[in-house]
Amino acid sequence: MTYIPVDRDGRVHPSEVEEAVQENTRLISIMHANNEIGSIQPIAEVGAIAASHGVHMHTDAVQSVGKIPVNVDDLNVHMLSISSHKLYGPKGVGCLYVRKGTKLTPLLFGGGHERGLRSGTENVSGIVGFGEAMRLAVEDFAENTRIRRLRDKLIDAVLGEIPHTRLNGGKEHRLPNNINFSFSYIEGESLVLRLNAKGVAGSTGSACSSKKLEASHVLLAIGLDPVDAHGSLRFTLGRDNTEADVEYVSEVLPVIVDELRQMSPLYACRDDGYGKPE
Ligand SMILES: *Cc1c(COP(=O)(O)O)cnc(C)c1O
């Protein structure tokens, strides 16, 4: 297994993938969009490289389907995975697109369901719900334009208002619903708790790993030092969010960050001279 690094914006460079391909390379798998910082990967370019070497290409499109255009032919992929609950569908159901002619070996054996690929009785109600969620995602696709505007408004407000703050992940190749900041000198966990008390849901690190208080491997991979990685906060916007929500967060967040910084020894000892007591 070869791991490919990412740049400051969390993107893989196709040329690095090309260099890493070896005689015995069987599969290239790169997520389409990152769940923590929203970076959208150049899957079409990497897919073309994979094809030119006769290597199979898989992408995890769990974050991107419903948010940005996804077309398996444009992306040059043999396999693409989707999870229902990330697009407002029921939990417990997902889908793997497999291009015709791609031979897979099952991991689960038994009843031979789903053409022998995944034994176990199908979750029919879940699958129907997933289909309906997908239909609505396509029907309401323009929602993403509205959500992107809210995202940019919140990003601009926060970066403009709160010093020592960075946006993790680039602005250009980014999911319309993802915001991830690092606030120097404070901890993401305390931010999340205080925001929660104000009725705002955010998260630090990735939701799945937030119980272990290790710095997010994604934030470390884009070159953040562990201290700044611990001061990270992610907001994920959705179709229920409004302009008023963004304004509310723009008001409460600077106050919370400032209060936490006033208590932070790291902030008191910072060496940039900014705001130092006389
Ligand atoms: C949530 C998520 C998964 C996991 O999907 P589940 O159906 O929740 O197990 C995988 N990849 C990405 C990018 C995700 O965001």
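Where along the chain is the place of Ala33? Ala33 belongs to the loop between strand 1 (27–29) and helix 2. That is a handy starting point for a walk through this structure, which is a predicted model.

**The chain as a whole**

Let us begin with the overall picture. The protein chain has nine helices and seven strands. Its C-alpha trace spans about 70 × 45 × 35 Å along the principal axes. Of the 278 residues in the protein chain, buried ones make up 41%.

**Around Ala33 and Gly47**

Back at Ala33, the residue counts as buried because its relative accessibility is 2%, and the cut-off for buried is under 20%. Its C-alpha atom is separated by 9.4 Å from that of Val65, and these two residues are 32 residues apart along the chain.

Helix 2 covers residues 43–52, and Gly47 is found in this helix. Gly47 is buried, with a relative accessible area of 1%. The C-alpha atoms of Gly47 and Met79 are separated by 11 Å, and here too the residues lie 32 residues apart along the chain.

**The ligand and its surroundings**

Which residues are around the ligand? They are Met31, Asn35, Asp60, Val62, Gln63, Ser83, His85 and Lys86. Sorted by class, this shell has two nonpolar, four polar and two charged residues.

Some of these residues also have side chains in polar contact with the ligand. The table gives three such contacts.

| Residue (side chain) | Ligand atom | Distance |
|---|---|---|
| Asp60 | nitrogen | 2.6 Å |
| Gln63 | oxygen | 2.7 Å |
| Lys86 | oxygen | 2.8 Å |

For Lys86, the contact joins an N or O atom of its side chain to an oxygen atom of the ligand. How much of the ligand does the protein bury? Taken alone, the ligand exposes 380 Å², and the protein buries 62% of that.

**Tyr88 and charges over rings**

Tyr88 deserves a stop of its own. This residue lies in the loop between strand 3 (79–83) and strand 4 (94–98). Is Tyr88 buried or partly exposed? Tyr88 is partly exposed, since its relative accessible area is 47%.

Most residues other than glycine have a negative phi. Tyr88, which is not a glycine, has a positive phi of about 70 degrees. The ring of Tyr88 also has a charged neighbour: Arg239 lies over its face, at 3.9 Å from the ring centre.

A second arrangement of this kind involves Arg270 and Tyr267. The charged end of Arg270 sits over the ring of Tyr267, 3.7 Å from its centre.

**Strand 6 and what lies beside it**

Strand 6 covers residues 178–183, and strand 5 covers 165–167. The loop between these two strands is the place of Gly169. Gly169 counts as buried because its relative accessibility is 5%. Gly169 and Glu243 are 74 residues apart in sequence, and their C-alpha atoms are 23 Å apart in space.

Next come the aromatic rings. A pair of aromatic rings is described by the distance of the centres and the angle of the planes. In this model the count comes to two aromatic pairs. One of them is formed by Phe181 and Phe183, with 5.6 Å centre to centre and 50 degrees between the planes. Why does this pair count as tilted? The angle of 50 degrees is neither under 30 degrees nor over 60, so the pair falls into the tilted group. Both partners are buried: Phe181 has a relative accessible area of 0%, and Phe183 has a relative accessible area of 0% as well.

A little further on is Tyr185, found in the loop between strand 6 and helix 5 (188–197). Tyr185 is a residue other than glycine with a positive phi, near 80 degrees.

**The end of helix 4**

Our last stop is Glu161, which lies in helix 4 (residues 143–161). Is Glu161 buried or exposed? Glu161 counts as exposed, because its relative accessibility is 54% and the cut-off for exposed is over 50%. In sequence, Glu161 and Ser250 are 89 residues apart, while in space the distance from C-alpha to C-alpha is 8.4 Å.

Note on methods:
Residues are numbered from 1 along each chain as its sequence is written. Side-chain values use heavy atoms; hydrogens and water are left out. Rings of Phe, Tyr and Trp (its six-membered ring) pair if their centres lie within 6.5 Å; planes under 30 degrees apart count as stacked, over 60 as edge-to-face and the rest as tilted. Buried means under 20% relative accessible area, exposed over 50%, partly exposed in between (1.4 Å probe, protein chains only). A charge sits over a ring if NZ of Lys or CZ of Arg is within 6 Å of the ring centre and within 35 degrees of the ring normal. A residue is near a molecule or strand if one of its heavy atoms lies within 4 Å of it. A polar contact is a pair of N or O atoms within 3.5 Å; within protein, one must be able to donate a hydrogen and the other to accept it, and residues adjacent in sequence count only if both atoms are side-chain atoms. Accessible areas come from the Shrake-Rupley method with a 1.4 Å probe; for residues, only the protein chains shown count as cover. Ala, Val, Leu, Ile, Met, Phe, Trp, Tyr, Cys and Pro count as nonpolar, Asp, Glu, Lys and Arg as charged, and the others, Gly among them, as polar. Helices (H or I, at least four residues) and strands (E, at least two) are DSSP runs, numbered from the N terminus.
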